[in-house]
Amino acid sequence: MRFFRGRSSEQPIASVPSKASCLVEMTGTTTFGAEALADLFIAHQAPEGGVLELPGMLIAEPENPADASAVAVHVQGARIGYLPGYLAQEEPFDDVGSCRVQLWAAQTDKGLRVRGWAAWGGETIAWPYTTSNPPAVTVEDRRVEAAAATSTMVDEALRGGGERAAQFQRGLLGSYHYLETVEPIKELKRLGRLDEALTLCYGAIEAA
């Protein structure tokens, strides 16, 4: 069974909204916006994926049945995703505003998969990823990224000393922290090795 260990070169992006500027990862790019995004990459002669940076619009959806504070991101007239729900609730949008989007796509056996970021309000945009440091896009790559980020957090906590290190030490399951068992448990379930998944799950519960 694989455990993920070591420092990740990519860290989760945490963006703080402000009146001056904002940069956030969009939601809905693999659900609501999947078809429009596939068409967009085809239109830009990149059907297999890659990166696009384009102007967009933020459009409030007060009639949205799921969330009256929802704000959609549109590019070339098509809805490709949404701003995160927490952001739309904390910083309401009156109606519409311009933005820029950066889209990263990769082809998978289930079609094109896309992650995207929207930025607005600032004169200079510092995108979180570049062509020399692209984001994880596929499901498998994102699992690896998440697991590596967890291991980095555990390693840093153990090295930091003090009560935090002692707390993490108490949560070890052999050489690994119980937080690091999440992906291995999921992988065992995907492989149908349910008894092994249950054993590891009980071990994680005990460590927790």
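Over which residues does pLDDT stay under 50?

**View 1. Confidence of the predicted model.** pLDDT, the predictor's confidence in each residue from 0 to 100, stays under 50 over residues 1–20. For this segment the model has 55 contacts (heavy atoms within 4.5 Å) beyond four places in sequence. The protein averages a pLDDT of 85, and 86% of the residues score at least 70. Among the elements, which are DSSP runs (helices H or I, at least four residues; strands E, at least two) numbered from the N terminus, strand β4 (residues 78–82) has the highest mean, 97, and helix α2 (residues 85–90) the lowest, 76. In this predicted model, local features need pLDDT of at least 70 and side-chain atom pairs count only at 80 or more, whereas totals for chains, interfaces and linings use all residues. Residues are numbered from 1 along each chain as its sequence is written, and side-chain values use heavy atoms, with hydrogens and water left out.

**View 2. Surroundings of Thr138.** Thr138 is placed in the loop between β6 (111–120) and α3 (139–160). Thr138 counts as buried because its relative accessibility is 19%, the limit being under 20% relative accessible area (1.4 Å probe, protein chains only). A polar atom of the Thr138 side chain lies 3.2 Å from the backbone nitrogen of Asp141. Not counting residues up to four places away in sequence, Thr138 touches Ala106, Thr108 and Arg113.

Conventions:
Buried means under 20% relative accessible area, exposed over 50%, partly exposed in between (1.4 Å probe, protein chains only). A polar contact is a pair of N or O atoms within 3.5 Å; within protein, one must be able to donate a hydrogen and the other to accept it, and residues adjacent in sequence count only if both atoms are side-chain atoms.
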